[in-house]
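Here is a friendly walk through one protein chain, from its salt bridges to its helices and its core. Please keep the model open as you read.

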Amino acid sequence: MSEPSLSEPAAAPAAAARDIADVPAVEVITTVAVHLMSAAAVNLGLAEDGERHKDLDEARKLITALAGLVTAGATEISSFHAGPLRDGLKSLQLAFREASAVPDEPGQGPGEKFTGPVTG
């Protein structure tokens, strides 16, 4: 049985870099956005066991990051992909407003510095 070569572990990052290089940017951007949406939804208490994971401070951070990504990436990923992401973002922003004991002033909610005021 041969022993592993010292160069094998070093090859793993190179293989990963090649793999990620094959993924279109639109797929990377939308995948990251979906992860941010999912994490924000959980922190808003919208998951199956809702209140147990509710953390509005964490949700605010995630929604703001999502808003920045969607706003900056929209022109790069086409309206076909950006539209549903914007819709999801707005839903999360409205859910945040509803979940807050003291709602933010219009334009001050999570991500609204990127999207502008969000109203239902």
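A salt bridge here is a side-chain nitrogen of Lys or Arg within 4 Å of a carboxyl oxygen of Asp or Glu. With that in mind, note that the model is predicted, and that every value below is computed from it.

**Salt bridges**

A good place to begin is the pair Arg-97 and Glu-112, whose closest N and O atoms are 3.0 Å apart in a salt bridge. Arg-97 belongs to helix H3 and Glu-112 to helix H4 (residues 112-115), so this pair ties together parts that are 15 residues apart in sequence. The two partners sit in unlike surroundings: Arg-97 is partly exposed, with a relative accessible area of 23%, whereas Glu-112 is buried at 5% relative accessibility.

How many salt bridges does a search of the whole structure find? The search finds six. Three of them are set out here, with the N to O distance of each.

| Pair | N to O distance |
|---|---|
| Arg-97 and Glu-112 | 3.0 Å |
| Asp-57 and Lys-61 | 3.3 Å |
| Glu-51 and Lys-54 | 3.8 Å |

Asp-57 and Lys-61 are both in helix H3, and because they are four residues apart there, about one helical turn separates them. Asp-57 is partly exposed at 44% relative accessibility, and Lys-61 is also partly exposed, with a relative accessible area of 48%. Salt bridges with shared partners join Asp-57, Glu-58 and Lys-61 into one network. In the remaining pair of the table, Glu-51 is exposed at 59% relative accessibility, while Lys-54 is partly exposed with a relative accessible area of 32%.

**The chain as a whole**

Stepping back, the chain has four helices and zero strands, which reads along the sequence as α-α-α-α. Its radius of gyration is 19 Å, well over the 14 Å that the globule rule gives for 120 residues, so the chain is more spread out than a compact globule. The C-alpha trace spans about 65 × 35 × 20 Å along its principal axes. Of the 120 residues, 28% count as buried. Among contacts between residues at least 6 apart in sequence, 56% join residues at least 24 apart.

**Helix H2 and its buried face**

Helix H2 covers residues 25-43, a run of 19 residues. From its first C-alpha to its last it reaches 27 Å, close to the 27 Å expected at 1.5 Å a residue. Which residues of H2 are buried? They are Thr-30, Ala-33, Leu-36, Met-37, Ala-40 and Asn-43. Seen down the axis of H2, these buried residues fall within an arc of 150 degrees, so they line one face of the helix. What covers them includes helix H3 (56-99).

Just after H2, Gly-45 takes a positive phi of about 85 degrees. Further on, Gly-50 has its place in the loop between H2 and H3, and at 8% relative accessibility this glycine counts as buried. The C-alpha atom of Gly-50 is separated by 38 Å from that of Pro-13, which is 37 residues away along the chain.

**The nonpolar core**

The largest nonpolar core holds 19 residues, and those touching the most other members are Leu-44, Ile-63, Leu-66, Leu-85, Leu-89 and Leu-92. H2 and H3 are the elements that give two or more residues to this core. Which of the elements provides the largest share of the core? The answer is H3, with 14 residues.

Leu-85 makes a handy point from which to explore. Leaving aside neighbours within four places in sequence, Leu-85 is in contact with Thr-30, Ala-33, Met-37, Val-70 and Ile-77. Among these partners, Thr-30, Ala-33 and Met-37 are buried residues of H2.

**An unusual backbone angle in H3**

One last stop is Ser-78, which is found in helix H3. Most residues other than glycine have a negative phi. Ser-78 has a positive phi of about 75 degrees although it is not a glycine. With a relative accessible area of 37%, Ser-78 is partly exposed.

Conventions: Residues numbered from 1 in each chain as written. Predicted model: local features only at pLDDT ≥ 70, side-chain atom pairs only at ≥ 80, totals over all residues. Heavy atoms only, no water. Expected span 1.5 Å × (residues − 1). Buried < 20%, exposed > 50% of the residue type's maximum accessible area, 1.4 Å probe, protein only. Arc of directions from axis to C-beta. Contact = heavy atoms within 4.5 Å. Core = buried A, V, L, I, M, F, W, Y, C linked by side-chain atoms within 4.5 Å. Rg over C-alpha atoms; globule rule 2.2 N^0.38 Å.
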